[in-house]
Amino acid sequence: LFLTLIIELILMAIPMTKAGYINLQDQLDRLREQIPDMQKAISEAREKGDLKENAEYHAARESLGMHEAKIAEIESRLGQAQIISSKNMNSDEILFGATVSVLDIEIDDEEEYTLVGEGESDPMNNKILTTSPMGQAMLNKKVGDHFTVSAPGGDMEYKVLKISYEA
């Protein structure tokens, strides 16, 4: 049972926008470009003497190891990515990839959010995960619908004003 669960998790597709996929690919390319410099630093540190007491060598190797782990993680995410295109989507409800304008009823303030997948969230630019409390509360709502999000400071009520998908 445990092994079956692990296999299912490994095989799970990760929904992602095309922009998120490209962003991850760019990040991977930048990380790969840094490897030769890191290997050179290890080589230079190795030349400085006894490896047992060479902190610079051990730090450089550890840094390269963490760097390679990050590369492997991104490669895995890209390998599991399922690009969900919202282009030409003609839905009147909030789904993955939607950009949603909502009204915060308590403070009478309009906000805009884009629902994205794992690894694409950017709260500073209002890109939120579909699995976040706000994303979950929005899913499948239509223009005019109200929804509530539980927050540490209390429940927050919103009204959906507009739903759009990338052109």
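Colour the chain by secondary structure and follow the elements from the N terminus, where they run α-β-α-α-β-β-β-β-α-β-β, giving 4 helices and 7 strands in this protein, which is a predicted model. If you then colour the 167 residues by accessibility, 31% of them count as buried.

Next, select residues 146–151, which make up strand β6, together with residues 154–164, which make up strand β7. These two strands pair in the antiparallel sense over 6 bridges, and they form a hairpin with 2 residues between β6 and β7. To see one of the bridges, display His146 and look across to β7, where Lys159 is its bridge partner.

Keep strand β7 on screen and add residues 99–104, which are strand β3. Strand β3 also pairs with β7 in the antiparallel sense, again over 6 bridges, and here a useful pair to display is Ser101 with its bridge partner in β7, Lys162. With β3, β6 and β7 shown together, you can follow how β7 pairs with β6 and also with β3.

Now move to residues 109–116, which form strand β4, and pick out Glu112 within that strand. Show the side chains of Asp108, Asp109 and Glu110 alongside Glu112, since these four residues form a negative surface patch. Is Glu112 buried, partly exposed or exposed? Its relative accessible area is 46%, so Glu112 is partly exposed, because that class lies between the cut-off of under 20% for buried and that of over 50% for exposed.

Definitions and conventions: Residues are numbered from 1 along each chain as its sequence is written. This is a predicted model: local features need pLDDT of at least 70, side-chain atom pairs count only at pLDDT 80 or more; totals for chains, interfaces and linings use all residues. Side-chain values use heavy atoms; hydrogens and water are left out. Patches are made of residues with over 30% relative accessible area and no salt bridge: like charges are joined within 9 Å, nonpolar side chains (Val, Leu, Ile, Met, Phe, Trp, Tyr) within 5 Å. Accessible areas come from the Shrake-Rupley method with a 1.4 Å probe; for residues, only the protein chains shown count as cover. Lys and Arg count as positive and Asp and Glu as negative; His and the chain ends are not counted. The place of a charge is taken as NZ of Lys, CZ of Arg, CG of Asp or CD of Glu. Buried means under 20% relative accessible area, exposed over 50%, partly exposed in between (1.4 Å probe, protein chains only). Two strands pair if DSSP finds at least two bridges between them.
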